[in-house]
Amino acid sequence: MRRIAALYDIHGNLPALEAVLEEVREAEVQMLVIGGDVMPGPMARETLRHLLRIEIPLRFIQGNGEVDALAEASGARATRVPERAREAVRWSAAQLFPEYETTVAAWDGMLRLEIAELGAVVFCHATPRDENEIFTRLTPEESLRPIFAKVDATVVVCGHTHMQFDRRIGPVRVVNAGSVGMPFGRPGADWLLLDRDVYLRHTVYDLTKAAARIRATSYPQAEEFARDYILRPPSEEQMLQAFTSVASR
């Protein structure tokens with residue numbers, strides 16, 4: 001049996017990552033899948049450096065955050081994000097590149113693993129066709145079937161929308177890992193454990209200390225990140241409503 005942890009959307013929240021990794025080690029995880037959007041975020045450089053130094057084997061995939069940061073670094077500009085979000089992307093890219101540019105550019109867009117008890121599992125950031133595509137647990141199944149119809153897997157693990165769910169789309173089980181660093185809903189850190197089944201996990205950590213560490217950074221949106229994404233994240237209901245207008249139809 002191979003026990004895998006899927007950590008998505010860390011967004012430079014090193015305190016959250018550290019807390020999750022404590023539970024990962026306690027669970028005797030044998031592999032980590034980092035599902036994209038290590039950046040942008042307030043401790044992006046420290047977060048990636050921490051990941052690259054841990055003793056557990058890792059596999060990385062790119063999220064829209066990495067794609068946008070690489071675009072900014074190349075001068076192409078991350079045109080898919082609004083200017084305020086682009087500020088965070090540019091800052092994170094400046095922290096990480098050029099030192100880690102080759103490393104991040106080498107990450108795949110998707111990963112497929114065979115897990116004996118689950119079968120073929122595909123890990124992608126948002127959907128198998130697009131790292132920036134949005135859907136939620138409320139998106140009608142009929143609008144999602146074309147996206148997943150050609151996926152040769154029994155399970156697809158995704159992230160991007162920062163809210164956990166476990167649903168079926170046709171014959172495929174689709175599980176959202178949620179977000180380690182910026183979960184929508186209850187404060188803490190969300191992730192997945194995969195072995196005989198797929199388990200939604202939630203880690204509680206010291207939010208006040210984490211917020212203080214974030215505020216001490218030079219991140220241009222440090223106060224907002226600490227207040228609105230660590231101490232008082234938006235509710236799932238708020239974000240489901242916000243995503244409804246842009247979710248896949």
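In this predicted model, the largest nonpolar core has 48 residues, and those with the most contacts inside it are Leu7, Val24 and Leu32. Helix H1, which spans residues 14-26, gives the most to this core, contributing seven residues. Leu32 illustrates how such a position is surrounded: leaving aside neighbours within four places in sequence, Leu32 is in contact with Ala5, Leu7, Leu21, Val24, Ile54, Ile56, Pro57, Leu58 and Arg59. Apart from the core of 48 residues lies another core, of 19 residues, and among its members are Ile61, Leu111, Val121 and Leu192.

One of the two sheets to be described here is an open sheet in which five strands follow the order E3-E2-E1-E9-E10, with mixed pairing. Strand E3 and strand E10 (198-203) stand at its edges; each has a single partner strand, so one side of each is left without a neighbour in the sheet. Direction ignored, neighbouring strands of this sheet are turned by 25 degrees against each other on average. Within the sheet, E2 and E3 run parallel and are joined by three bridges. Leu32 reappears at this point, since its bridge partner in E3 is Leu58; Leu58 is also one of the residues listed among the contacts of Leu32.

Helix H2 (residues 44-53) can be considered next. Its residues Ala44, Thr47, Leu48 and Leu51 are buried. Viewed down the axis of H2, the buried residues fall within an arc of 95 degrees, and they therefore line one face of the helix. These buried residues pack against H1, strand E2 (31-34), strand E3 (58-60), helix H4 (83-96) and helix H5 (101-105). The relation of H2 to H1 can be stated in geometric terms: the two axes come within 9 Å and cross at roughly 25 degrees. Angles under 35 degrees count as roughly parallel, and H1 and H2 are therefore roughly parallel to each other. On the side of H1, the contact is made by Leu14, Leu17, Glu18 and Leu21, and on the side of H2 by Glu46, Thr47, His50 and Leu51. Thr47 and Leu51 thus belong both to the contact with H1 and to the buried residues of H2.

The other sheet is also open and has five strands, here in the order E4-E5-E6-E8-E7, with mixed pairing. Strand E4 (110-115) and strand E7 (165-169) stand at the edges, and each has a single partner strand, so that one side of each is left without a neighbour in the sheet. From one strand to the next, the twist averages 20 degrees. Helix H6 (residues 141-148) packs on this sheet, where it touches strand E6 (155-158), E7 and strand E8 (172-176); the direction of H6 makes about 80 degrees with that of E7.

At the E4 edge, E4 and strand E5 (residues 119-124) pair in the antiparallel sense over six bridges. The two strands form a hairpin with three residues between them. Among the paired positions, Met110 has Cys124 as its bridge partner in E5. How are the residues of E4 divided between a covered and an uncovered face? Leu111, Leu113 and Ile115 make up the covered face, whereas Met110, Arg112 and Glu114 make up the uncovered one. Leu111, on the covered face of E4, is among the residues of the core of 19 residues.

The account ends with helix H8 (residues 222-231), in which Arg227 lies. The buried residues of H8 are Ala222, Phe225, Ala226 and Ile230. Seen down the axis of H8, these residues fall within an arc of 95 degrees, and so they line one face of the helix. Helix H7 (207-215) is included in what covers the buried residues of H8. Is Arg227 buried, partly exposed or exposed? Because its relative accessibility is 30%, Arg227 counts as partly exposed; the partly exposed class lies between the limits of 20% and 50%. Not counting residues up to four places away in sequence, Arg227 touches Arg215 and Arg232. The C-alpha atoms of Arg227 and Ala211 are separated by 7.3 Å, although the two residues are 16 residues apart along the chain.

Note on methods: Residues numbered from 1 in each chain as written. Predicted model: local features only at pLDDT ≥ 70, side-chain atom pairs only at ≥ 80, totals over all residues. Heavy atoms only, no water. Pairing = 2+ DSSP bridges. Helix = DSSP H or I, 4+ residues; strand = E, 2+ residues; numbered from the N terminus. Axes fitted to C-alpha atoms, helices over the stretch in contact; angles between N-to-C directions. Contact = heavy atoms within 4.5 Å. Core = buried A, V, L, I, M, F, W, Y, C linked by side-chain atoms within 4.5 Å. Buried < 20%, exposed > 50% of the residue type's maximum accessible area, 1.4 Å probe, protein only. Arc of directions from axis to C-beta. Parallel < 35°, antiparallel > 145°, perpendicular 65-115°, else oblique.
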